[in-house]
Amino acid sequence: QVQLVESGGGLVQPGGSLRLSCAASVTTFTINRMDWYRQAPGKQRDFVAHITSGGSTKYEDFVEGRFTISRDDDKNTVYLQMNSLKPEDTAVYYCHAHGWMYGSGWSDYWGQGTQVTVSS
């Protein structure tokens, strides 16, 4: 079973920073990759960044060097440090886990999302 719990969202002024956290509770599941996605009102859910079990990272172009994804394996937690936030970063941010579930094979799980609002 996999449970992902995001936290760290909130209201921030343009140019400000937030750090999102995604705590994973897993049993019989080996994480291959953790991702952050975001969904603005009326828009599709977009990829933001990912980090693999090997530590490789990838970012969507709109991040433009402002966001950093990292992980703490001891805490089974993935972070998204967001700096220089813009109003267009306003969205619900979702954590996603891709990995191997014993007995089921490759599987995907989502968190409930955390709201990020960038506004003055």
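Which backbone oxygen lies 2.9 Å from a polar atom of the side chain of Thr77? The legends below take up this point and several others in a predicted model.

**Figure 1. Surroundings of Thr77 in strand E8 of the predicted model.** The backbone oxygen in question belongs to Lys75, and the distance from it to a polar atom of the Thr77 side chain is 2.9 Å. Thr77 is part of strand E8, which covers residues 77-82. Its relative accessibility is 9%, and because buried means under 20%, Thr77 is classed as buried. When residues up to four places away in sequence are set aside, Thr77 touches Ser21, Cys22 and Ala23, and also Ser70, Arg71 and Asp72.

**Figure 2. The hairpin of strands E7 and E8.** Strand E7 (residues 67-72) runs antiparallel to E8, and six bridges join the two. Within this pairing, Ser70 stands opposite Tyr79 of E8. Four residues separate the strands of the hairpin. One residue of interest here is Asn76, located in the loop between E7 and E8. Its phi is positive, near 50 degrees, in a residue other than glycine. Asn76 has a relative accessibility of 31% and therefore counts as partly exposed.

**Figure 3. Ser70 in strand E7 and its contacts.** Ser70 belongs to strand E7. With a relative accessibility of 30%, Ser70 counts as partly exposed. Residues up to four places away in sequence being left out, Ser70 touches Ile51, Thr77, Val78 and Tyr79. Ser70 and Thr52 are 18 residues apart in sequence, and their C-alpha atoms are 9.9 Å apart in space.

**Figure 4. Backbone conformation at Glu64.** Although Glu64 is not a glycine, its phi is positive, at about 55 degrees. Glu64 is placed in the loop that lies between strand E6 (57-59) and E7. Its relative accessibility is 54%, and since exposed means over 50%, Glu64 is classed as exposed.

**Figure 5. The open sheet of four strands.** The strands follow the order E1-E3-E8-E7, and their pairing is antiparallel. Strand E1 (2-7) and E7 stand at the edges; each has a single partner strand, so one side of each is left without a neighbour in the sheet. From one strand to the next, the twist averages 15 degrees.

**Figure 6. Pairing and side-chain pattern of edge strand E1.** Strand E3 (residues 18-26) runs antiparallel to E1, and six bridges join the two. Val5 stands opposite Ala23 of E3, and Gln3 stands opposite Ser25 in that strand. In a regular strand the side chains alternate between the two faces of the sheet. Such an alternation is present along E1: the side chains of Val2, Leu4 and Glu6 point to one face and are buried, whereas those of Gln3, Val5 and Ser7 point to the other and are not.

**Figure 7. Polar contacts of Asp35 in strand E4.** Asp35 is located in strand E4. Its relative accessible area is 2%, so Asp35 is classed as buried. The side chain of Asp35 makes a polar contact of 2.8 Å with the side chain of Arg33. A polar contact of 2.5 Å joins the side chain of Asp35 to that of His96. Beyond four places in sequence, the residues touched by Asp35 are Phe47, Ala49, His50, Tyr94, Cys95 and His96.

**Figure 8. The largest pocket of the predicted model.** The volume of this pocket is about 150 Å³. It is lined by 13 residues, of which Ile31, Met34, Arg71, Asp73 and Asn76 are the closest to its centre. The elements that give two or more residues to the lining are E3, strand E4 (29-39), strand E5 (45-52), E7 and E8. Asn76, one of the residues closest to the pocket centre, is also the loop residue with a positive phi near 50 degrees shown in the hairpin view.

Technical notes:
Residues are numbered from 1 along each chain as its sequence is written. This is a predicted model: local features need pLDDT of at least 70, side-chain atom pairs count only at pLDDT 80 or more; totals for chains, interfaces and linings use all residues. Side-chain values use heavy atoms; hydrogens and water are left out. Buried means under 20% relative accessible area, exposed over 50%, partly exposed in between (1.4 Å probe, protein chains only). A polar contact is a pair of N or O atoms within 3.5 Å; within protein, one must be able to donate a hydrogen and the other to accept it, and residues adjacent in sequence count only if both atoms are side-chain atoms. Contact means heavy atoms within 4.5 Å. Two strands pair if DSSP finds at least two bridges between them. Axes are lines fitted to C-alpha atoms, for helices over the stretch in contact, and angles run from 0 to 180 degrees between N-to-C directions. On a 1 Å grid over the protein atoms alone, a cavity is a set of points where a 1.4 Å probe fits but cannot get out, and a pocket is an open set with protein on both sides within 12 Å along at least five of seven lines; lining residues have an atom within 4 Å of a point. Grid points are joined across faces, edges and corners, and a volume is the space filled by probe spheres set on the points.
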